[in-house]
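Grab a pencil and work through these exercises with the model open beside you. Try each task before you read its solution.

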Amino acid sequence: MNRYTLTIILLACSNVFMTFAWYGHLKSMSHKPWIIAALISWGIALIEYLFQVPANRIGYAANGGPFSLVELKVIQEVITLLVFMVFTL
């Protein structure tokens, strides 16, 4: 798998976990104390970082990847909007 594809797939996976970490507790844990929701969200965010950090390291041009820092950020934001649109449905 090339670096373009791998970077985008890892960023998409990262973003799915990020969206659940940030917003999933509003639907699924509204009856739980906020501290429980925060701890569970931190656990989910850890999984998110296990995708996000390698994605950026693989994709970053200074590490031999195809994308500049700005391009990585724009890709991440586009993926964020797409994932959030699906999540809200």
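## Exercise 1: How the helices cross

The crossing of α1 and α3 is right-handed. Before going on, note that this is a predicted model: local features need pLDDT of at least 70, side-chain atom pairs count only at pLDDT 80 or more, and totals for chains, interfaces and linings use all residues. Residues are numbered from 1 along each chain as its sequence is written, and side-chain values use heavy atoms, with hydrogens and water left out.

**Task.** Work out how α1 lies against α3, and then how α1 lies against α2.

**Solution.**

Step 1. Get the vocabulary straight. Helices (H or I, at least four residues) and strands (E, at least two) are DSSP runs, numbered from the N terminus. Axes are lines fitted to C-alpha atoms, for helices over the stretch in contact, and angles run from 0 to 180 degrees between N-to-C directions. A crossing is left-handed if the near helix is turned anticlockwise from the far one by less than a right angle, and right-handed if clockwise.

Step 2. Take α1 and α3: they pack at an angle of about 45 degrees, and their axes are 9 Å apart. That makes α1 oblique to α3 (under 35 degrees is roughly parallel, over 145 roughly antiparallel, 65 to 115 roughly perpendicular, and the rest oblique).

Step 3. Now take α1 (residues 3-28) and α2 (residues 34-59), whose axes come within 8 Å and cross at roughly 165 degrees. α1 and α2 are therefore roughly antiparallel to each other. Their crossing is left-handed.

Step 4. Sort the contact of α1 with α2 by class: 16 residues are nonpolar, seven polar and two charged. Here Ala, Val, Leu, Ile, Met, Phe, Trp, Tyr, Cys and Pro count as nonpolar, Asp, Glu, Lys and Arg as charged, and the others, Gly among them, as polar.

## Exercise 2: The two sides of α3

**Task.** Check the length of α3, then find where its buried residues sit.

**Solution.**

Step 1. Helix α3 covers residues 69-88, and at 1.5 Å a residue its 20 residues should span 28 Å (the expected span is 1.5 Å times one less than the number of residues). The end C-alpha atoms are 28 Å apart, which agrees.

Step 2. List the buried residues of α3: L72, I75, Q76, I79, T80, V83 and F87. They cover an arc of only 145 degrees around the axis, which puts them on the same side of α3; the arc is that of the directions from the helix axis to the C-beta atoms. Buried means under 20% relative accessible area, exposed over 50%, and partly exposed in between (1.4 Å probe, protein chains only).

Step 3. Flip to the face turned away from that buried side, and you'll find the exposed residues V70 and L81.

Step 4. Zoom in on I79, which counts as buried at 10% relative accessibility. Its C-alpha atom is 9.2 Å from that of V16, although the two are 63 residues apart along the chain.

## Exercise 3: Buried or exposed?

**Task.** Decide whether T7, A45 and L89 are buried or exposed.

**Solution.**

Step 1. T7, in helix α1, has a relative accessible area of 0%, so T7 is buried. The C-alpha atoms of T7 and P54 are 8.1 Å apart, with their positions 47 residues apart along the chain.

Step 2. A45 belongs to helix α2. With a relative accessible area of 18%, A45 is buried too.

Step 3. L89 sits in the segment after α3. Its relative accessible area is 87%, so L89 is exposed.

Step 4. Step back to the whole chain: three helices and zero strands, running α-α-α from the N terminus on. Of its 89 residues, 30% count as buried.
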